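Grab your viewer and work through a few exercises on strands, contacts and interfaces. Try each task before you read its solution.

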Amino acid sequence: MAFSDVREYTHLTDEEVEAIGRELDQIRKEIEESRGQADRDYILRIIKIQRRLAAAGRITLFASFFPPAWLLGTVMLGSAKILENIEIGHNTMHGQWDWMNDPEIHSSNWEWDTTQPAEQWKHSHNYIHHQFTNVIGHDNDIGYGILRMTRDQKWHPVNLGQPVYNALLALFFEWGVALHDLDIGAIRKGEKNPKVLKRQLKQIYKKVGKQALKDYIVYPALTGPFWLRTLTANATANLMRNVWAYLVIFCGHFPDGAVHFTEEELEDETRAEWYLRQMLGSANFEGSKLTHLMSGQLGYQIEHHLFPDLPSNRYAEVAVKVKDLCKRYDIPYTTGPLGRQYMQVLRTIMKLSLPDKLTSHDPPPTAPRGEQRGRRLKDEERPRARSELGHWSSSAA
Amino acid sequence: MAEPLIEKSTLLKRVRTAGKALTTPLSPDDYLKLLNPLWTARELRGRIEEVIPETDRASTIVIRPGWGWRFDHQPGQYIGIGVEVDGKFHWRSYSLSSEPTRSGGTVSITVKAMPEGFLSDHLVNGVKPGTIVRLAAPQGNFILPDPPPAKMLFLVGGSGVTPVMSMLRTMARRQSMPDVVMAYSALHEDDMMFRAELRSLSEEQDAFTLYERFTEADGILTPDQLDDVCPDWKERETWACGPAPMLDATIEHYEEHDLRDHLHVERFTLNLDADGETGGTVTFGVDGPSFEVDGATTLLEAGEANGINMLFGCRMGICHTCDVPLAEGKVRDLRSGEEHDNPQQYIQTCICVPVGDCTLEL
């Protein structure tokens, strides 16, 4: 259960909140001003490693009849896909490398090695998830419309199956992501414009076609009699990537300590309050340098949410400053070993599959700053959930 | 990633499409360029082969273009060159000084280091052979007609000589030099680019007359002095390239004599608002509609207010959904105060305001 002791941060005055905002702006400025050759060299090196790894994996799999080659090729290909999806693709699409003014590494035209079209991802993730992070009813990443991740989401008997849905989501994560921007919630309520839905589906279909053709037809066919072994290797590599990406993402917002917010929080939210919400709503995890690289530096989820478009290789140094700031203002900074963080996520998924009265009752995981503002809003006074779409998708309407 | 844009051969296009089945969502070129940085047609690239000093402040840079380049530019045209400095690509345009069909597969530009021009200084003094640069295809209407007119006059000042150099070399090689007069103004003798080549050309070619003017000693060449320098200037088709005041005076002079149609002009510098005042005329899309925008209105707000269909997301500089390339002009990032004036650079319209006139690519 996403739980937090609300008293830990209600002590902040408005002045202190604004001061935190100014300090964070300053951290941002320092990184922006010091971006340079070393950062470019970093991303070019990672891209080079990733492409070589992918090529080496594909070539090794031509010997997939030999079991050690199958294993080696699969691991190389899976690692390449992980690197491409998170450290390179996800971060580039956030605009982390746009400052280089390099058209080949730019958020406007990067397409990643997974089933979701980049255009839909940039909308559902960069905009909806990063702008409305952890606000119930606005951020579709809270359980992805499949899982109940907070007590503020009403229990339904369907939720009893959560442990199974969770396992399926982990295994087929890229397919869940592919459908994410369709907004299953809106489709269920019949609020989705069918023309837009058709256009988005068509784009997904095209992307899926190319991806599947490559991994499941062309490469297996090229290896002739051993096609089945190449096919299982490619499928395993995709599976490896799915489970790892799922793990990294779920450890970013659902471990204990990461807070959810009610939509009152959004009203008149200042930039400083937005920063605060990002810090309180995200959770880091600890790990080796390699772990951080393979998770696209998203073990620094708090820093990523504060500064989604700063180069990922700088998050480690930003984290030192943010941690210090949290200590000085007595704000919780959620972090822990990856394994422990995931166990907490798993516990929440299990617990919330049951009705509230059957489980121990923790304080509601919502931030108090919204509640402090007085009475609860009536339904008609509430801001509407975000239903607007990216440019390309909505131009079908 | 974006489809390869610059491949013109149908066969190669098919090969690339077939190869892409193996490399999707990347292009085969993304892997081939790991073997040789010029083996990519994702966009035009080149390798700097040689930096030849012309004067203390000017160098000729010889570039070997990679895949996709066509050596068929017209004499007088310029290219865009993107050079990486401290991790960031900066773009500028320079006239090609080489002639079109020169063998050896290279092109050259001649760059003069400007006092405030940080990129020109880097190109003249800092860039190493072997450096990979990005290129934009030749363009421009300041060109040599084929065949050239019977009587020509070149009025050039400083580094304005470079496009004319390409024209002269072409005519000399084709042995089709008509009656050409060139009036070349430089600060002093050492500042004169291509000095040796121009002087020997005027000795070898009877049809080519070179007039040298050293402005530090003799003052600038004013249009009314044309009668002395080139008495029959009114009968000549004229190409002028150089500093803005020189060009303005020349245009005025030709207009007074009703000869504007016979004057071809190339400007190197854009009129940027130097005092940093924000606000100006913003053009949405090259050849698109233009609107007056004040300095407190972001480009995104201005576009929306005028019915332009613009991409947007967070509207606070986070998500980069609204990014568009700047075609020309200058904008200021309200968040950082930083100003951007690199053509082709992507800017965040939700937090940028115009500084003087600018054009966005939509």
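**Exercise 1. Find the bridge partner of B:S185 in β9(B), then build up the sheet around it.**

Step 1. B:S185 has B:R213 as its bridge partner in β9(B). Strands here are DSSP E runs of at least two residues and helices are H or I runs of at least four, numbered from the N terminus. Before you go on, note that this is a predicted model, where local features need pLDDT of at least 70, side-chain atom pairs count only at pLDDT 80 or more, and totals for chains, interfaces and linings use all residues. Residues are numbered from 1 along each chain as its sequence is written, chains are lettered from A and ligands numbered from 1 in the order in which they are written, and side-chain values use heavy atoms, with hydrogens and water left out.

Step 2. Widen the view to the strands: β8 (residues 179-186) of chain B runs parallel to β9(B), with seven bridges between them. Two strands count as paired once DSSP finds at least two bridges.

Step 3. Now add helix α5 (residues 195-204) of chain B, which packs on the sheet and touches β8 and β9 of chain B. Its direction is at about 140° to that of β9(B). Contact means heavy atoms within 4.5 Å, and angles, from 0 to 180 degrees, are taken between N-to-C directions of lines fitted to C-alpha atoms, for helices over the stretch in contact.

Step 4. Put the whole sheet together: it is open, has five strands in the order β9-β8-β7-β10-β11 (chain B), and pairs in parallel. β9 (208-214) and β11 (263-266) of chain B each have a single partner strand, so one side of each has no neighbour in the sheet.

**Exercise 2. Work out the strand order of the six-stranded open sheet in chain B.**

Step 1. Reading across, you get β4-β3-β6-β1-β2-β5 (chain B), with antiparallel pairing.

Step 2. At the edges sit β4 (88-95) and β5 (107-112) of chain B, each paired on one side only. Neighbouring strands are turned by 40° against each other on average, direction ignored.

Step 3. Zoom in on one edge: strand β2 (residues 58-65) of chain B is joined to β5(B) by six bridges. One to look up is B:S59, whose partner in β5(B) is B:V111.

**Exercise 3. Describe the contact between chain B and chain A.**

Step 1. Count residues: chain B gives 39 and chain A gives 41.

Step 2. Take the area: about 3,600 Å² is buried between the two chains, 53% of it from carbon and sulfur atoms. Buried area is the accessible area (1.4 Å probe) lost when two parts are put together, summed over both.

Step 3. Look for charge pairs: there are six salt bridges across this interface, taking a salt bridge as a side-chain nitrogen of Lys or Arg within 4 Å of a carboxyl oxygen of Asp or Glu. A:D102 and B:R134 make a salt bridge, with their closest N and O atoms 3.1 Å apart.

Step 4. See which elements of chain B take part: α1 (10-23), α2 (28-35), β3 (78-85), β4 and β16 (346-348) each give two or more residues to the side touching chain A. The largest share, four residues, belongs to α2(B).

**Exercise 4. Which parts of chain A does the pair A:K207 and A:E111 tie together?**

Step 1. Their side chains form a salt bridge at 2.7 Å, N to O.

Step 2. A:K207 is in helix α9 (residues 194-222) of chain A and A:E111 is in the loop between α4 (67-93) and α5 (118-131) of chain A, so the pair links parts 96 residues apart in sequence.
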